[in-house]
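Biologist: Please take a close look at one part of this structure, the strand pairing, and set it in the context of the whole chain.

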Amino acid sequence: MIPRFGTPPERNEHYKLRAGAYAILLRGDQMLVTHQAAPTPEFQLPGGGIDPGESPVVALMREVFEETGYRISKPRRLGAFRRFTYMPDYDLWAEKLCAIYLATPTLRIGPPSEPGHDAVWMDVEMAVAQLGNAGDRHFAARFLR
């Protein structure tokens, strides 16, 4: 069974399944996260939705690049979690199925191309504490040990 994090689903809402791939990116004692300014400012693991016909790893590489400007290598799947949320950018109630990967950031090509996103390197412990959702925090916390 895939663990669920966050609030339970609203009884009167219809949720659309939205699969996504997200990365824990480490360099020494630093973690690369993305800061999304809107709709609510928060730090997140870089990543996002898997487009139709796209593999999770291809989506992961595309999303990390869009949100951070970095290329990645050696993605290794750590697990997955579900969360139920409203996505105002899409006007969508989503059951997000989030696959979490550990990967190596390699080369920064430029700034993020995704509007409203900034790439931020921070101490692993601080990054884990700042992540905006419990599922991201759960998986990232493995690297505090």
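Modeller: Read from the N terminus, the protein chain of this predicted model runs β-β-β-β-α-β-β-β-α-α, which comprises 3 helices and 7 strands. Strand β6, residues 92-108, pairs with β1, residues 16-27. These two strands run parallel and are joined by 10 bridges. Within this pairing, Leu25 has Ala103 of β6 as its bridge partner. Strand β6 also pairs with β5, residues 70-87, here in the antiparallel sense and over 14 bridges. In β6, Glu95 stands opposite Phe84. The connection between β5 and β6 is a hairpin with 4 residues between the strands. Asp91 lies in that turn and has a positive phi of about 45°. In a regular strand, side chains alternate between the two faces of the sheet.

As for the whole chain, 70% of the contacts with a separation of 6 or more are between residues 24 or more positions apart. The radius of gyration is 14 Å, which agrees with the value near 15 Å for a compact globule of 145 residues. Along the principal axes, the C-alpha atoms fill a box of roughly 45 × 30 × 25 Å. Of the 145 residues, 43% are buried. The accessible surface comes to about 8,000 Å², and carbon and sulfur atoms hold 53% of that surface. On the charge side, there are 17 positive and 17 negative side chains, and the centres of the two sets lie 8 Å apart.

Terms used. Residues are numbered from 1 along each chain as its sequence is written. This is a predicted model: local features need pLDDT of at least 70, side-chain atom pairs count only at pLDDT 80 or more; totals for chains, interfaces and linings use all residues. Side-chain values use heavy atoms; hydrogens and water are left out. The radius of gyration is taken over C-alpha atoms; the globule rule is 2.2 Å times the number of residues to the power 0.38. Buried means under 20% relative accessible area, exposed over 50%, partly exposed in between (1.4 Å probe, protein chains only). Contact means heavy atoms within 4.5 Å. Accessible areas come from the Shrake-Rupley method with a 1.4 Å probe; for residues, only the protein chains shown count as cover. Lys and Arg count as positive and Asp and Glu as negative; His and the chain ends are not counted. The place of a charge is taken as NZ of Lys, CZ of Arg, CG of Asp or CD of Glu. Two strands pair if DSSP finds at least two bridges between them.
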